[in-house]
Amino acid sequence: MPEGDSAGESIHGRPSAIGNFFKRLGQVYQSWLDKSTPFSAVRWAVTVILTAIYMLRVYILQGWYIVTYALGIYHLNLFIAFLSPKVDPSLLDDPDEGPELPTKQNEEFRPFIRRLPEFKFWHSATKGIIIAMICTFFEAFNVPVFWPILVMYFIMLFCITMKRQIKHMIKYRYLPFTHGKRTYRGKEDTAKTFAS
């Protein structure tokens, strides 16, 4: 490979200052994401605050309804992926092909694995809000529309989509939330250790 062909390298084969800057920026960003992983309540609180700031900005500016509608549709798609199992039971023809959800009381317990994990759901939702907020600084995204129609259309779309998702949950008997599920505990270790 000739010199300077790979991304982020200068003509002399050494990493460029710009490439180093973005590489370091990506490492710092990933470090902050890794540190925030165990704090789901704080992460979601920040996202709710960002959403409130965005909604307040749209209300005060009285515009950017198309951006808000697109953000709502994006969040709805993320939420549906969050509620859906990783392996859709309706697509499995052969029961030995992959994991399936238990359908009877005495079947083996298999945990619910989401198509979109909680952390990725939060990360994508937050990025969407930040991108929508950035769009409100550009007049090109302020397309004039009659916003009540968008609100009604979004409510209808939400109801239809959630009705279909709930029917799917009932048909294949899965619950995407852990609250209220039976928990299994193993026997406590009562063995005594012997001192030697």
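This passage describes the confidence, the annotated segments and the nonpolar cores of a predicted model. Local features were taken from residues with pLDDT of at least 70 and side-chain atom pairs from those at pLDDT 80 or more, whereas totals for chains, interfaces and linings use all residues. Residues are numbered from 1 along each chain as its sequence is written, and side-chain values rest on heavy atoms, with hydrogens and water left out.

The mean pLDDT (the predictor's confidence in each residue, from 0 to 100) is 82 for the protein, and 73% of its residues reach 70 or more. Among the helices (DSSP runs of H or I, at least four residues, numbered from the N terminus), α2 (residues 40-61) has a mean of 96 and α1 (residues 17-36) a mean of 91.

An unreviewed UniProt entry lists residues 41-60, 66-83 and 145-162 under "transmembrane region"; such annotations, given in the numbering used here and with feature names shortened, may be inferred rather than shown by experiment. Residues 66-83 are 100% helix, with end C-alpha atoms 26 Å apart, and residues 145-162 are 89% helix, with end C-alpha atoms 26 Å apart.

The largest nonpolar core (buried Ala, Val, Leu, Ile, Met, Phe, Trp, Tyr and Cys residues joined through side-chain atoms within 4.5 Å, buried being under 20% relative accessible area with a 1.4 Å probe, protein chains only) has 14 residues, and those with the most contacts inside it include Leu78, Leu83 and Tyr174. Two or more residues are given to this core by each of α3 (65-83), α4 (118-135) and α5 (147-172), and the largest share, six residues, comes from α3. Beyond its neighbours within four places in sequence, Leu83 is in contact (heavy atoms within 4.5 Å) with residues including Phe112, Met162, Met169 and Tyr174. A second, separate core of 12 residues includes Val58, Tyr65, Leu71 and Met133.

Conventions
Buried < 20%, exposed > 50% of the residue type's maximum accessible area, 1.4 Å probe, protein only.
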